[in-house]
Amino acid sequence: MREQQLRLADDRTARVAGREMRVEAVSKKFGQAVAVDDVTLGISAGEFVSLLGPSGSGKSTLLMIIAGFEQPDSGELFLGGERLTDIPPHRRNFGHVFQKYALFPHMTAAENIAFPLKMRGIEKAKRGPMVANALERMRLSALGERLPHQLSGGQQQRVALARAIVFQPALLLMDEPLGALDKKLREEMQIEIKQIQRELGITVVFVTHDQDEALSLSDRVAVINQGGLSQFATPRELYDRPSSRFVADFVGDNN
Ligand code: ADP
Ligand code: MG
């Protein structure tokens, strides 16, 4: 039994090592203002990592750099050893969910979910089953023909999530995806996101300014302060051994 467990652990390490996302010494300024300040992070395959920090600390900019929508002034990105820095966003094969759902208003839920498959040149016969599968996974099977305005906020966000995972992305990037939802719905969606992440074994980078959200969802949390990485650790480590006064105050703050 013990042997088998060790072998499983080894196997997992091998897979994890193969697809690590590395952010190396990334910096970005807007004019004179430093948005991201020399951030280095290694995110393992299958890991759920939150970028946690106050408003204006540079979380979204860092996520946009990972997504490829912003270019860093300096530093590099790697996925499983492959250099990503010059690869355009659509070729990185990452899923995105941002706070504004940004569904195409004139397309049905199913058409929205099919869109990234179309963009990737996946033939129509294959798209149907993939969309049906994503709809089912998000408990949206009965709502595929609805337009976004015929869906609730939570349902729209589930469509956005289905659209982000339908092409089995290498990485799922989320920027305050639940910020517009009320508390109850937010908590339901947190559970749903976590469940999907586990089922698909997908790597997630999740931006939030909400300590509770970061601590309850994440394998590790990157605490960001004024563009810089203050601490990158498990929720327990952040609680037990905060590396600075800032981390202790920010993580401990339950407002
Ligand atoms: P967060 O997501 O943590 O709230 P942001 O990454 O949005 O932080 O912003 C970090 C800093 O960079 C802020 O000072 C913000 O005003 C600035 N900033 C972000 N995007 C731009 C932009 N496109 N142009 C100019 N300044 C920006
Ligand atoms: Mg932001």
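The chain of this predicted model comprises nine helices and ten strands. Its radius of gyration is 19 Å, close to the 18 Å that the globule rule gives for 255 residues, so the chain is as compact as a globular protein of that length. The C-alpha trace spans about 50 × 50 × 40 Å along its principal axes. Buried residues make up 36% of the 255 residues of the chain. Among contacts with a separation of 6 or more, 67% are accounted for by residues 24 or more positions apart.

**The six-stranded sheet**

Six strands form an open sheet in the order β6-β7-β8-β3-β9-β10, and the pairing is mixed. The edges are occupied by β6 (94–98) and β10 (228–233); each has a single partner strand, so one side of each is left without a neighbour in the sheet. Direction ignored, neighbouring strands of this sheet are turned by 15° against each other on average.

Three of the pairings can be set out as follows.

| Strand pair | Sense | Bridges | A facing pair |
|---|---|---|---|
| β6 and β7 | parallel | five bridges | H96 and L173 |
| β3 and β9 | parallel | four bridges | L52 and V223 |
| β9 and β10 | antiparallel | five bridges | V223 and Q231 |

At the β6 edge, the partner strand β7 covers residues 171–175, and L173 of β7 stands opposite H96. Strand β9 pairs with β3 (residues 48–52) in the parallel sense and with β10 in the antiparallel sense. V223 has a partner in each of these pairings: V223 is the bridge partner of L52, and V223 also stands opposite Q231 in β10.

Strand β9 (residues 220–225) has five of its six residues buried, so this strand is largely enclosed by the rest of the structure. The hairpin of β9 and β10 has two residues between the strands, and Q226 in this hairpin takes a positive phi near 50°.

**The surroundings of ligand 1**

Ligand 1 is surrounded by F30, A33, A35, G53, S55, G56, S57, G58, K59, S60 and T61. Two elements give two or more residues to this shell, namely β2 (33–43) and α2 (59–67). Of the elements, α2 gives the most, with three residues. By class, the shell holds three nonpolar, seven polar and one charged residues.

**Residue A35**

One of the residues around ligand 1 is A35, which lies in strand β2. A residue is buried if 20 or more other C-beta atoms lie within 10 Å of its own; A35 has 22 C-beta neighbours inside 10 Å and therefore counts as buried.

Leaving aside residues up to four places away in sequence, A35 touches K28, K29, F30, G58, T61 and G227. Among these contacts, F30, G58 and T61 also belong to the surroundings of ligand 1. The contact with G227 joins distant parts of the sequence: A35 and G227 are 192 residues apart in sequence, yet their C-alpha atoms are 5.1 Å apart in space.

Conventions
Residues numbered from 1 in each chain as written. Chains lettered and ligands numbered in written order. Predicted model: local features only at pLDDT ≥ 70, side-chain atom pairs only at ≥ 80, totals over all residues. Rg over C-alpha atoms; globule rule 2.2 N^0.38 Å. Buried ≥ 20, exposed ≤ 12 C-beta atoms within 10 Å, placed from the backbone. Contact = placed C-beta atoms within 7 Å. Near = placed C-beta within 6 Å. Nonpolar A, V, L, I, M, F, W, Y, C, P; charged D, E, K, R; others polar. Pairing = 2+ DSSP bridges. Axes fitted to C-alpha atoms, helices over the stretch in contact; angles between N-to-C directions.
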